[in-house]
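Subject: Handing over the structure

Hello,

Here is the structure I promised to pass on to you. Please have a look at it first, and then read on for what I found in it.

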Amino acid sequence: MPLIALLLDVIAAGVFWLQQSQGLYLLGTIIQGGLTLVLLIMLFTYQGKRFGWFNFSTWSHVFTLRFAVIVFSFIINAIMLFVYILNVTGANNVIFR
């Protein structure tokens with residue numbers, strides 16, 4: 001699953017590049033929404049170990065590397081989806097000028 005998450009990140013980067021060169025903003029937003037939805041499903045259906053060792057000095061658990069890749073991929077793609085929606089609605093065009 002972490003490799004699939006990284007592959008989805010590469011696809012998202014390709015869609016971002018396509019939007020900058022071709023100006024297909026609505027199509028890119030729809031694709032980004034689909035990728036974010038797939039990552040959300042992967043986040044909740046992950047069957048591997050989610051937490052690593054317990055840190056007694058900070059009293060917290062840390063994510064395993066595999067689960068952290070999926071979590072960070074989802075967070076970054078969700079932020080990008082939010083910025084894409086802002087661009088499509090005209091509220092802020094900070095990402096595509």
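Let me begin in a loop: Gly23 sits in the one that links H1 to H2. Please keep in mind throughout that this is a predicted model. With a relative accessible area of 33%, Gly23 is partly exposed. Gly23 also has a partner far along the chain: Phe96 is 73 residues away in sequence, yet the two C-alpha atoms are 8.7 Å apart in space.

Now to the helices on either side of that loop. Helix H1 covers residues 2–22 and helix H2 covers residues 25–45; their axes lie 10 Å apart, at an angle of about 170°. An angle over 145 degrees counts as roughly antiparallel, and H1 and H2 are therefore roughly antiparallel to each other. If you want to find this contact on screen, look on the H1 side for Ile4, Ala5, Leu8, Ile11, Ala12, Val15 and Gln19. Their counterparts in H2 are Tyr25, Gly28, Thr29, Ile31, Gln32, Leu35, Val38, Leu39 and Met42. Sorted by class, the residues of this contact are twelve nonpolar and four polar, with no charged ones.

How do H1 and helix H3 lie relative to each other, roughly parallel or roughly antiparallel? Helix H3 spans residues 65–89, and its axis comes within 9 Å of that of H1, crossing at roughly 20°. Angles under 35 degrees count as roughly parallel, so H1 and H3 are roughly parallel to each other. Their crossing is left-handed. From H1, the contact takes in Pro2, Ala5, Leu6, Asp9, Ala12, Phe16 and Gln19, while H3 brings Arg66, Val69, Ile70, Ser73, Asn77, Met80 and Tyr84. By class, there are nine nonpolar, three polar and two charged residues in the contact of H1 with H3.

The remaining pair to mention is H2 with H3. These helices pack at an angle of about 150°, and 9 Å separates their axes. That angle makes H2 roughly antiparallel to H3. The crossing of H2 and H3 is left-handed. Their contact contains 16 nonpolar and eight polar residues, and no charged residues.

A few single residues are worth a visit too. Gln19 belongs to helix H1 and appears in the contact with H2 as well as in the contact with H3. Is Gln19 buried or exposed? Its relative accessibility is 1%, so Gln19 counts as buried. The side chain of Gln19 makes a polar contact of 3.5 Å with the side chain of Tyr84. Setting aside residues up to four places away in sequence, Gln19 touches Leu24, Tyr25, Gly28, Thr29, Tyr84 and Phe96.

One of those partners, Thr29, is in helix H2. Thr29 counts as buried, at 12% relative accessibility. A polar atom of the Thr29 side chain lies 2.8 Å from the backbone oxygen of Tyr25. Beyond its neighbours within four places in sequence, Thr29 is in contact with Gln19, and also with Leu81, Tyr84, Ile85 and Val88.

Back in helix H1 you will find Gly14. Gly14 counts as partly exposed, at 34% relative accessibility. Between the C-alpha atoms of Gly14 and Gly28 there are 9.8 Å, with 14 residues separating the two along the chain.

Finally, have a look at a strand. Phe63 is part of strand S2, which runs over residues 60–63. Which residues does Phe63 touch, not counting residues up to four places away in sequence? They are Arg50, Phe51, Gly52, Ala68 and Val71. Phe63 is partly exposed, with a relative accessible area of 38%. From the C-alpha atom of Phe63 to that of Leu39 is 17 Å in space, and the two are 24 residues apart in sequence.

I hope this helps you find your way around. Happy exploring!

Best wishes

Key:
Residues are numbered from 1 along each chain as its sequence is written. This is a predicted model: local features need pLDDT of at least 70, side-chain atom pairs count only at pLDDT 80 or more; totals for chains, interfaces and linings use all residues. Side-chain values use heavy atoms; hydrogens and water are left out. Axes are lines fitted to C-alpha atoms, for helices over the stretch in contact, and angles run from 0 to 180 degrees between N-to-C directions. Helices (H or I, at least four residues) and strands (E, at least two) are DSSP runs, numbered from the N terminus. Angles under 35 degrees count as roughly parallel, over 145 as roughly antiparallel, 65 to 115 as roughly perpendicular and the rest as oblique. Contact means heavy atoms within 4.5 Å. Ala, Val, Leu, Ile, Met, Phe, Trp, Tyr, Cys and Pro count as nonpolar, Asp, Glu, Lys and Arg as charged, and the others, Gly among them, as polar. A crossing is left-handed if the near helix is turned anticlockwise from the far one by less than a right angle, and right-handed if clockwise. Buried means under 20% relative accessible area, exposed over 50%, partly exposed in between (1.4 Å probe, protein chains only). A polar contact is a pair of N or O atoms within 3.5 Å; within protein, one must be able to donate a hydrogen and the other to accept it, and residues adjacent in sequence count only if both atoms are side-chain atoms.
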